[in-house]
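Got the viewer open and the cartoon switched on? Let's walk through this one stop by stop, starting wide and then zooming in.

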Amino acid sequence: MKIETIAVHAGNQTDKTSGAVIQPITLSTTFERGSDGGYPSGYMYSRANNPNRKQLENVLAQLEGGTDAAAFASGNAAGMAVFQALKPGTHIILPDDMYHGLRHQVKNLFAGILEFDFIDVNDAGILQQHIKSNTGLLWIETPSNPLLKITDIRQAASIANKHNIKVVCDNTFATPICQQPLALGADMVMHSTTKYFGGHSDLMGGALITAQQDELWQRVRQVQEMGGAIPSPADCYYMTRSIKTLPYRVRGHVSNAQKLAEYLQQHPKVEQVLYPGLSTHPQHEIAKNQMSAFGAMLSFIVKGNEAQARKVANSVQLFTQATSLGGVESLIEHRASIEGPDTSTPFNLLRVSVGLEHIDDLVADMEQALNII
């Protein structure tokens, strides 16, 4: 099936009892046992499994071309499940530009449990230099947050495979509509489904999708069930509903992002635009080779200092100054101020999640804000 058809049908099951076309929300926390003590429905307890979560995981797996998926209560919970599934003492390699929430998680919660290095994973030489005998995981994020760096997934996977290292790709910025890392050699894909999958800034969730149901995946599943950081049946239901429009929403986001990036690139008060769909992006050719579309996230560096960048963010009227991304409304954020004292993000950088408003209105709003500085 094509991805639009998967999005509509793979997360739904017609209710056999009532004939309801849309699967109902199953709120029960426990399920009746059979006379033999078994579970004829296939469900025992909602922390372990639930009809709504099963269907959400089914559509997630199919969208990414994986064999299985695990849904979590947040993107951070999904990422943590991978790190918790590793054996103590495992060395992991992570990118020097990545989502600050997971970076802080690794540094603050797994110090002394796991070994880790944050490096430029896009440089094959540097990557190979940091591989150790106990390296078990390569974490990549492409496009990266917030500098929109592109990692060559095929190259990273090729290097990792030679050393029996698992590759997990954070595909949140791209979504499976723009990029499919498992088809490029990654072993697992991670998403903050809060973002484009939910798509309306009103759902929290995370997901992992695997190429193979191997030993690492079985441990991830253990973490999911025993740790219990799962989404509620209602959250699973609404996430599955939102996914039905994902392919069409993302294409609208991408179209707007490309046009906004091109507008910003020629603006005299903008120093640089970071968007892989621009030919000036340093990894544009890699992006062209592994992405079917360039995503809807961009960052731009204002000519001037932090105060001027903040003035732009404070002067927009349609863009909402807020964190997160992937909703139908456009967001703008001074990123360095949220990332903490160890940030390497330029202080005159603004990150933009381009929404589904009319592009002319978005450009006009950005024009009046930039003209103020």
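What follows is a tour from the whole chain to the domain interface and then to one loop.

**Stop 1: the whole chain**

Keep in mind that this is a predicted model. Colour by secondary structure and you should find 14 helices and twelve strands. Turn the C-alpha trace along its principal axes: the spans are about 75 × 55 × 35 Å. The radius of gyration is 21 Å, which agrees with the value near 21 Å that a compact globule of 373 residues would have.

**Stop 2: two domains**

Now select 3-241 and give it one colour, then 246-371 and give it another; those are domain 1 and domain 2 in the domain assignment. If you drop a marker on the C-alpha centre of each domain, the two markers sit 26 Å apart.

**Stop 3: where the domains meet**

How many residues of domain 1 are in contact with domain 2? Select them and you get 36 on the domain 1 side, facing 41 residues of domain 2. Put a surface on and consider the buried area: about 3100 Å² between the two domains, with 58% of it on carbon and sulfur atoms. On the domain 1 side, show Ile150, Cys178 and Tyr196 as sticks; these three lose the most area to domain 2 and together make up 23% of what that side buries.

Next, switch on the polar pairs. Between domain 1 and domain 2 there are 18 residue pairs in polar contact, counting pairs with both residues at pLDDT 80 or more. Which helices should you highlight on the domain 1 side? Pick α1 (3-9), α4 (100-109), α6 (153-162) and α7 (175-178), each of which supplies at least two residues to the side touching domain 2. Of these, α4 gives the most, with four residues. Colour that whole side by residue class and it splits into 17 nonpolar, eleven polar and eight charged.

Salt bridges are worth a look here too: three of them cross the interface of domain 1 and domain 2. For a salt bridge to zoom in on, select arginine 251 and glutamate 4, whose closest N and O atoms are 2.6 Å apart.

**Stop 4: the loop between β4 and α6**

Move along to β4 (135-141) and follow the chain out of its end. Proline 143 is in the loop between β4 and α6, and the peptide bond leading to it from threonine 142 is cis, with omega near -5°. Keep going to proline 146, in the loop between β4 and α6. What kind of peptide bond joins asparagine 145 and proline 146? It's cis, with omega about 10°.

Leucine 148 is found in this loop as well. Check its backbone: phi is near 55°, a positive value in a residue other than glycine.

**Stop 5: a salt bridge from that loop**

Finish by showing the side chains of lysine 149 and aspartate 96, which meet in a salt bridge at 3.4 Å, N to O. Why is this pair a tie between parts apart in sequence? Lysine 149 lies in the loop between β4 and α6, while aspartate 96 is in the loop between β2 (91-95) and α4, so the pair ties together parts 53 residues apart in sequence. To carry on from here, search the whole structure, where 15 salt bridges are found.

Methods. Residues numbered from 1 in each chain as written. Predicted model: local features only at pLDDT ≥ 70, side-chain atom pairs only at ≥ 80, totals over all residues. Heavy atoms only, no water. Domains from an automatic or database assignment. Contact = heavy atoms within 4.5 Å. Buried area = accessible area lost by both parts, 1.4 Å probe. Salt bridge = Lys/Arg side-chain N within 4 Å of Asp/Glu carboxyl O. Polar contact = N/O pair within 3.5 Å; in protein donor to acceptor, adjacent residues only side chain to side chain. Nonpolar A, V, L, I, M, F, W, Y, C, P; charged D, E, K, R; others polar. Rg over C-alpha atoms; globule rule 2.2 N^0.38 Å.
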